[in-house]
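Dear colleague,

I am handing over the structure below, and I would be grateful if you could look through it with my notes beside you. They move from the helices to the strands, and then to the pocket and a few single residues.

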Amino acid sequence: MHVSLIGLPGSGKSTVGRQLARRLKLQFLDSDHVIEERLGCAIRDYFEREGEVSFRDVEESVIDELTGLATGGVLSTGGGAVLRPVNRQRLHERGHVVYLRSSPEELFRRLRHDVSRPLLQVADPLGRLRELYTQRDPLYRETAHFVIETGRPSVSTLVNMIAMQLELAGIVPVS
């Protein structure tokens with residue numbers, strides 16, 4: 001079984017993904033970590049040096065590989081993974097996709113001191129988050145089987161909400 005988490009930077013994909021994988025007794029996969037291992041450097045450095053198009057090529061290859069694993073798992077994707085139609089198709093067709101939806105304002109509250117996210121290193125990060133949301137929200141919705149509003153619930157509450165959706169859909173046995 002594959003469960004993929006999508007959403008804007010800071011929506012909780014990696015944090016929730018780790019806990020969800022533990023709950024479902026599946027391996028946890030983080031596409032950004034796999035990309036960094038493959039590149040041998042931080043995404044931010046590669047992004048600055050080689051540009052977004054080159055980064056998205058590597059990301060596409062990694063998503064293809066991770067969504068095709070026979071072992072399954074819980075996959076946390078990068079925030080921009082849905083920008084390419086082929087990624088949206090692979091994610092949607094090869095597993096169950098959960099969109100962790102957060103408002104730009106909520107994300108800004110969480111990320112305002114985080115310097116590790118290349119797309120937010122701008123003069124107006126809240127404005128940038130609003131742009132990303134406007135651009136990507138329709139793509140996340142197109143890709144997702146489930147939309148979970150993150151708001152302010154705890155990680156364990158979000159994991160419970162996702163597990164319940166998967167149980168109600170008959171994807172995982174009721175625990």
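The buried residues of H8 pack against S1, H1, S4 and S5; please keep in mind here, and throughout, that this is a predicted model. The residues in question are Leu158, Val159, Ile162, Ala163, Leu166 and Glu167. Residues three or four places apart in an α-helix point the same way, because there are 3.6 residues to a turn. Helix H8 itself has 14 residues and reaches 20 Å from its first C-alpha to its last, which is close to the 20 Å expected at 1.5 Å a residue. Ser156 also lies in helix H8, but at 47% relative accessibility it counts as partly exposed, and its C-alpha is 25 Å from that of Val34, a residue 122 places away in sequence. After the helix comes Gly170, whose phi is positive, near 75°.

Helix H4, covering residues 52–67, can be described in the same terms: it has 16 residues, and the distance from its first C-alpha to its last is 22 Å, close to the 22 Å expected at 1.5 Å a residue. Its buried residues are Ser54, Phe55, Arg56, Val58, Glu59, Val62, Ile63, Leu66 and Thr67, a list in which Arg56 and Glu59 appear alongside residues such as Val62 and Ile63.

Turning to the strands, the pairings can be followed from one strand to the next. S2 and S3 pair in the parallel sense over three bridges, and Phe28 stands opposite Val74 in S3. S3 is also joined to S1, by four bridges, and these two strands run parallel, with Gly73 in S3 as the bridge partner of His2. S1 in turn is joined to S4 by four bridges, again with the strands running parallel, and here the bridge partner of Val3 is His96. Finally, four bridges join strand S4, residues 96–101, to S5 in a parallel arrangement, in which Val98 stands opposite Phe146.

How are the faces of these strands covered? In a regular strand the side chains alternate between the two faces of the sheet. Strand S3, residues 73–76, is covered on both faces, since Gly73 and Leu75 on one side and Val74 and Ser76 on the other are all buried. In strand S5, residues 146–149, the side chains of Phe146 and Ile148 point to one face and are buried, whereas those of Val147 and Glu149 point to the other and are not. Strand S4 has five of its six residues buried, so it is largely enclosed by the rest of the structure.

The largest pocket holds about 700 Å³ of space. It is lined by 39 residues, of which Pro9, Gly10, Lys13, Asp32 and Arg117 are the closest to its centre. The elements that give two or more residues to this lining are H1 (13–24), H2 (31–39), H3 (43–50), H4, H6 (104–111) and H8 (155–168), and among these H1 gives the most, with four residues. By character, the lining of the largest pocket divides into 12 nonpolar, 14 polar and 13 charged residues.

Two loop residues on either side of H1 are also worth a look. Leu8 is found in the loop between strand S1 (2–6) and H1, and with a relative accessible area of 2% it is buried. Leaving aside neighbours within four places in sequence, Leu8 is in contact with Lys13, Ser102, Leu107, Leu129, Leu132, Tyr133, Arg136 and Tyr140. Its C-alpha is separated by 15 Å from that of Arg84, which is 76 residues away along the chain. Lys25, by contrast, is found in the loop between H1 and strand S2 (28–30), and is exposed, with a relative accessible area of 75%. Although Lys25 is not a glycine, it has a positive phi of about 60°.

With best wishes

Key. Residues numbered from 1 in each chain as written. Predicted model: local features only at pLDDT ≥ 70, side-chain atom pairs only at ≥ 80, totals over all residues. Heavy atoms only, no water. Expected span 1.5 Å × (residues − 1). Buried < 20%, exposed > 50% of the residue type's maximum accessible area, 1.4 Å probe, protein only. 1 Å grid on protein atoms, 1.4 Å probe; cavity = no way out; pocket = protein on both sides within 12 Å on 5 of 7 lines; lining within 4 Å. Points joined across faces, edges and corners; volume = space filled by probe spheres on them. Nonpolar A, V, L, I, M, F, W, Y, C, P; charged D, E, K, R; others polar. Contact = heavy atoms within 4.5 Å. Pairing = 2+ DSSP bridges.
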